[in-house]
Structure formats: structure tokens, C-alpha cells
Amino acid sequence: MNFNDIFKSSFLDNVTAISFIDMTLAILLSFAIGLFIMAVYKKTYRGVMYSQSFSVALMAMSMITTILILAVTSNVVLSLGMVGALSIVRFRTAIREPLDIAFVFWSIATGIILGAGFTTLAVFGSIIIGLLLFVFVNKKEKDTPYIFIINCVGNDSEKTAMDIIKKESIVNILKSKTVSEDNIELTLELRLGNENTDFVNKITSVDGVKNAILVTYNGDYAG
């Protein structure tokens with residue numbers, strides 16, 4: 001057989017179409033694993049706002065990829081057409097959380113593996129990945145990073161607030177300082193070493209301090 005034989009109708013007629021049972025099993029498994037990916041994503045999400053639509057999209061990607069691979073593996077000419085069609089697709093939706101990229105790739109990889117017929121690999125691989133994500137993402141850090149924002153007036157109040165911060169934190173890094181005519185805004189990255197945040201109350205009681213805001217730092221800083 002040479003390359004030209006691939007495009008002959010005799011070759012296409014001899015291609016074994018995927019059976020209905022195999023097709024149904026692959027789609028049902030992709031749906032089940034997609035639901036598992038959704039559950040893992042929801043339990044391990046650590047962003048600002050959980051997106052239900054993105055979670056459903058993960059499940060849909062697994063099923064769509066499975067159907068696509070089933071079609072590609074059943075017809076050589078169709079596979080060449082799919083390559084050309086998909087090469088012009090561009091995705092412009094921004095992925096805000098780094099871990100979301102892993103979930104997207106997980107969903108697509110699951111669909112590819114199921115479509116290729118490696119059912120056992122898809123099932124056990126997904127279980128192992130899900131368990132590892134549960135363990136490592138939910139693992140509590142000993143020194144949780146925080147972003148601390150202070151608005152105060154005058155150098156004395158700034159110095160007093162910084163003295164309290166240095167005493168209560170194990171790490172304090174000044175990220176930005178904005179000074180206006182009647183306001184000084186400080187943005188710091190803190191690591192406390194414990195969950196005691198009473199120092200925030202002490203700082204707000206300092207003369208000249210307008211307000212103090214402490215938020216968990218998720219790794220994305222824009223300043």
C-alpha cells in the first residue's frame with residue numbers, strides 16, 4: 001500500500017467503523033470522568049470567585065474531545081480534515097488561575113485517551129490525578145501569605161504601624177507606597193506564622209490610621 005491508496009474508496013470501504021457499544025461506553029465514561037473532574041475542581045478551587053460555567057465546560061471538553069477522537073480514528077480522510085479545521089481555531093478566554101490550565105489539559109487528555117480506547121488508563125489515571133490534587137491543593141501552609149493595606153496620615157502613625165507589623169509578622173515586604181497631600185497608603189506582603197490577626201485591631205486604633213485591610217494573598221499581585 002502506498003500513500004495514494006489511502007484516498008481510494010476501496011481503502012475507505014475497508015475501514016472498520018467503531019461499534020455502537022464502544023461508542024456509547026466511551027461517551028458515558030467521558031461523562032462520568034467529566035463529573036469527577038468537576039467535583040475535584042470545585043473542592044480544590046482557591047480563587048476569588050468559583051465559576052460554575054467553567055466547571056461545566058471541563059466536563060463538556062472531556063466528552064467533546066472523546067467524540068472528536070472517535071471520529072478521527074474511524075476515518076483517515078476525516079482525520080486530515082479535522083487537523084486542517086482545528087488549526088484555525090483560536091481560544092481567547094483568559095485563564096486567571098494557574099491551576100485551571102491543569103484542569104483544562106486534564107479534561108482534554110481524558111477525552112483523547114478514551115477516544116483512543118485506553119479506558120483503564122483514563123479511569124485510573126483520573127483517580128490518581130484527583131487524589132493528588134486533593135492532597136496538595138488542600139494542604140495547609142504553615143505561613144499563609146497576606147496582603148496588608150494601610151491608609152494613614154503623617155509619618156508618626158506610619159512608623160507606629162510599621163513597628164507593630166514588624167513585631168507581629170515573620171516576613172514583611174513593602175510592595176508599594178502611595179503618598180498624597182492628606183494620605184499615605186502602604187501595601188505590604190506579610191507572613192504571620194499563625195492565624196492570629198489581632199494586630200490589625202491594634203493598628204486601626206493608632207492615631208492617624210484611617211483603615212487597615214488584610215486579605216489572603218493568592219500569588220497574583222498587580223502593583
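Two strands are taken to pair if DSSP finds at least two bridges between them. On that basis, four strands of this predicted model form an open sheet in the order S2-S3-S1-S4, with antiparallel pairing. Strand S2 (171-180) and strand S4 (209-216) are the edge strands, each pairing on one side only. From one strand to the next, the twist averages 15°.

Within the sheet, S1 and strand S3 (residues 183-191) are joined in the antiparallel sense over eight bridges. Ile149, for instance, has Thr187 in S3 as its bridge partner. Helix H7 (residues 155-168) packs on the sheet and touches S1, S2, S3 and S4. The direction of H7 makes about 5° with that of S3.

The aromatic side chains form a second theme. A pair of aromatic rings is described by the distance of the centres and the angle of the planes. Eight aromatic pairs are found in a search of the whole structure. In one of them, the ring centres of Tyr45 and Tyr50 lie 5.9 Å apart and the planes stand at 75°, so this pair is edge-to-face. Tyr45 is buried, at a relative accessible area of 17%, whereas Tyr50 is partly exposed at 30%.

Phe148 and Phe199 also form an edge-to-face pair, with 5.6 Å from centre to centre and 70° between the planes. This pair links distant parts of the chain, 51 residues apart: Phe148 belongs to strand S1 (residues 145-152) and Phe199 to helix H8 (residues 199-204). Phe148 is buried, with a relative accessible area of 0%, and Phe199 is likewise buried, at 2%.

Tyr45 and Tyr50 also belong to one aromatic cluster, together with Phe36, Tyr41, Phe54, Phe103 and Trp106.

Notes
Residues numbered from 1 in each chain as written. Predicted model: local features only at pLDDT ≥ 70, side-chain atom pairs only at ≥ 80, totals over all residues. Heavy atoms only, no water. Phe/Tyr/Trp six-rings, centres within 6.5 Å; stacked < 30°, edge-to-face > 60°. Buried < 20%, exposed > 50% of the residue type's maximum accessible area, 1.4 Å probe, protein only. Helix = DSSP H or I, 4+ residues; strand = E, 2+ residues; numbered from the N terminus. Axes fitted to C-alpha atoms, helices over the stretch in contact; angles between N-to-C directions. Contact = heavy atoms within 4.5 Å.
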